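Q: Hi! I've just opened this one and would love a quick tour. Could you walk me through the fold first, and then some side chains?

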Amino acid sequence: MSGDPKPARKRAAPRRKAAAPAPPAPPAEVTSPASLISVPLSVRWRDLDAFNHVNNSKFLSYLEEARLRWMMALPGEWIDDNVAPVVAAAHVNYRRPIEWPNEIVVELFVERLGSTSLTIGHRIISAQAPDVLYADGNVVMVWIDKQGGQAAALPNVVRKACAGD
C-alpha cells in the first residue's frame, strides 16, 4: 500500500562518557580467627605410601589428633552419655607433599560457631619452616543427641573456649 507511512528510523542515543570509577572502599577490618591449639607431631614411617610421601588419608588422622588434644584440654565436659560430637564434613586442600623424616604442626582455629555446630579451620605446616604450608581447610563438627541422632546444643565449655572467654 503506497499510502502507508514508512516506519520512523530510530535515532542512536547520544554517547555518554563513562562514569568515573567509584573510589575503592576502605579495607574491612580483618580479625584473626580465634586460635584453638597448635599441635606438634612427628611424621611416622608408617604414614608414607608407595610414592614415599604421607598418604592423603593420614592428613585427616593428624587433624583428628589435634582436635582430640584440644577437646581433652577443655576445662569441662564436651561429651557425656547423651551428647557427643561427630564430624559432619571435612575439607582438605593438599598444598604440597609431606616427606619423611619431618616434624609438622597442626594449627586449629575457629571459623564459625553455630548453635549446634562448630567449623574448625586447620593448617598443617612445617615445624622448621612455618611458611611451608602442607594443607589447609576445615572440619564441621556437630554435637548430636546419641539417642535420637538429632543435633544438640553446643556444650557451654566448647562455646566458651571458641569465643575466647
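A: Happy to. The chain has two helices and five strands, and their order along the sequence is β-α-β-β-β-β-α. Keep in mind that this is a predicted model.

Q: What share of the 165 residues counts as buried?
A: Buried residues make up 33% of the chain. The accessible surface is about 11500 Å², and carbon and sulfur atoms hold 53% of that surface.

Q: And how much of the contact map comes from residues 24 or more positions apart?
A: Such pairs account for 65% of the contacts in the chain with a separation of 6 or more.

Q: On to the inside. Which residues of the largest nonpolar core touch the most other members?
A: That core has 36 residues, and the ones touching the most other members are Tyr62, Trp70, Ile98, Ile124 and Val158. At least two core residues come from each of strand E1 (35-42), H1, strand E2 (83-94), E3, E4, strand E5 (133-145) and helix H2 (156-163). H1 gives the most, with six residues.

Q: Is there a general idea behind a core like that?
A: Yes, a familiar one: nonpolar side chains tend to be buried together in soluble globular proteins.

Q: Back to Tyr62, then. What does Tyr62 touch?
A: Leaving out residues up to four places away in sequence, Tyr62 touches Leu41, Val43, Arg44, Asp47, Val54, Ile98, Ile104, Val106 and Ile124. Two of those, Arg44 and Asp47, also form a salt bridge with each other, their closest N and O atoms being 3.0 Å apart.

Q: Buried or exposed, that Asp47?
A: Asp47 is buried, at a relative accessible area of 1%. Its partner Arg44 is partly exposed, at 34%.

Q: How many salt bridges turn up in the whole structure?
A: There are four. One of them pairs Arg69 with Glu65, with the closest N and O atoms 2.9 Å apart. These two residues sit four apart in helix H1 (residues 56-72), so about one helical turn separates them. Arg69 is partly exposed at 39%, and Glu65 is partly exposed at 35%.

Q: What about Glu107 and Arg123, how do their side chains meet?
A: In a salt bridge, at 2.8 Å from N to O. Glu107 belongs to strand E3 (residues 103-113) and Arg123 to strand E4, so the pair ties together parts that are 16 residues apart in sequence. Glu107 is partly exposed at 21%, as is Arg123 at 29%.

Q: While we're on E4, what does Thr119 do there?
A: Thr119 is placed in strand E4 (residues 117-126). With a relative accessible area of 10%, Thr119 counts as buried because the cut-off is under 20%. Beyond its neighbours within four places in sequence, Thr119 is in contact with Phe109, Val110, Glu111, Arg112, Asn138, Val139 and Val140.

Q: Changing topic: which residues of H2 are buried?
A: Val157, Val158 and Cys162. Looking down the axis of H2, these buried residues fall within an arc of 125°, so they line one face of the helix. Asn156 and Lys160 are exposed on the other side of H2.

Q: And what covers the buried residues of H2?
A: The cover includes E1, H1, E3, E4 and E5.

Q: Last thing, aromatics. How many aromatic pairs are there?
A: The count is two. In one of them, the rings of Trp45 and Trp100 have centres 5.0 Å apart and planes at 80°, so the pair is edge-to-face. Trp45 is in the loop between E1 and H1, while Trp100 is in the loop between E2 and E3, so the pair ties together parts that are 55 residues apart in sequence. Trp45 is exposed, at 57% relative accessibility, and Trp100 is partly exposed, at 40%.

Q: How are the rings of Phe59 and Tyr94 arranged?
A: Their centres are 4.9 Å apart and their planes lie at 75°, so this pair is edge-to-face. Phe59 lies in helix H1 and Tyr94 in strand E2, so the pair ties together parts that are 35 residues apart in sequence. Phe59 is buried, with a relative accessible area of 3%, whereas Tyr94 is partly exposed at 41%.

Technical notes: Residues are numbered from 1 along each chain as its sequence is written. This is a predicted model: local features need pLDDT of at least 70, side-chain atom pairs count only at pLDDT 80 or more; totals for chains, interfaces and linings use all residues. Side-chain values use heavy atoms; hydrogens and water are left out. Buried means under 20% relative accessible area, exposed over 50%, partly exposed in between (1.4 Å probe, protein chains only). Contact means heavy atoms within 4.5 Å. A nonpolar core is a set of buried Ala, Val, Leu, Ile, Met, Phe, Trp, Tyr and Cys residues joined through side-chain atoms within 4.5 Å. The arc is that of the directions from the helix axis to the C-beta atoms. Accessible areas come from the Shrake-Rupley method with a 1.4 Å probe; for residues, only the protein chains shown count as cover. Rings of Phe, Tyr and Trp (its six-membered ring) pair if their centres lie within 6.5 Å; planes under 30 degrees apart count as stacked, over 60 as edge-to-face and the rest as tilted.
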